[in-house]
Amino acid sequence: MIREGWTKRQIALVLYPFGAGAMAVNVFFASLIGSWVGLPVLSTGWSILIGALIGLPATLAFSTHIRRLMDSAENQDID
């Protein structure tokens, strides 16, 4: 069976900017919550850097999920 459409890597490449941005926002807000218990608030630069790092595995996991949904949709019979 030949798989049609985009590969997981292609999907991840397209979605990475969104995943990294979402992770950066999450990291920043987590540091704000951490400030309630005395932890320092991260700067935007550090938040973007950490978000870019943890955005990669998150985007890869999401692209795997999307590819699995695409395969499932292609394999369904139309009746």
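**View 1. Leu39 sits in the loop between α1 (8-34) and α2 (44-75).** Helices, like strands, are DSSP runs numbered from the N terminus (H or I over at least four residues for helices, E over at least two for strands). Leu39 is exposed, with a relative accessible area of 53%; buried stands for under 20%, exposed for over 50% and partly exposed for values in between (1.4 Å probe, protein chains only). The model is predicted: local features need pLDDT of at least 70, side-chain atom pairs count only at pLDDT 80 or more, and totals for chains, interfaces and linings use all residues. Residues are numbered from 1 along each chain as its sequence is written, and side-chain values use heavy atoms, with hydrogens and water left out.

**View 2. Leu39 joins Ile33, Trp36 and Val37 in a nonpolar surface patch.** The patch covers about 520 Å². Patch members have over 30% relative accessible area and no salt bridge; nonpolar side chains (Val, Leu, Ile, Met, Phe, Trp, Tyr) are joined within 5 Å, like charges within 9 Å. A salt bridge is a side-chain nitrogen of Lys or Arg within 4 Å of a carboxyl oxygen of Asp or Glu. Accessible areas come from the Shrake-Rupley method with a 1.4 Å probe, and for residues only the protein chains shown count as cover.

**View 3. Ser31 is a buried residue of helix α1.** Its relative accessible area is 8%. Leaving aside residues up to four places away in sequence, Ser31 touches Pro40, Val41 and Leu42, where contact means heavy atoms within 4.5 Å.

**View 4. Phe28 and Phe29 form a tilted aromatic pair.** The count comes to 1 aromatic pair under a rule that pairs rings of Phe, Tyr and Trp (its six-membered ring) with centres within 6.5 Å; planes under 30 degrees apart count as stacked, over 60 as edge-to-face and the rest as tilted. For Phe28 and Phe29 the values are 6.0 Å centre to centre and 55° between the planes. Phe28 is partly exposed at a relative accessible area of 26%, and Phe29 is partly exposed at 46%.

**View 5. The protein chain has 2 helices and 0 strands.** Its C-alpha trace spans about 60 × 20 × 15 Å along the principal axes. The radius of gyration is 17 Å, against near 12 Å for a compact globule of 79 residues; it is taken over C-alpha atoms, and the globule rule is 2.2 Å times the number of residues to the power 0.38. Of the 79 residues, 19% count as buried.
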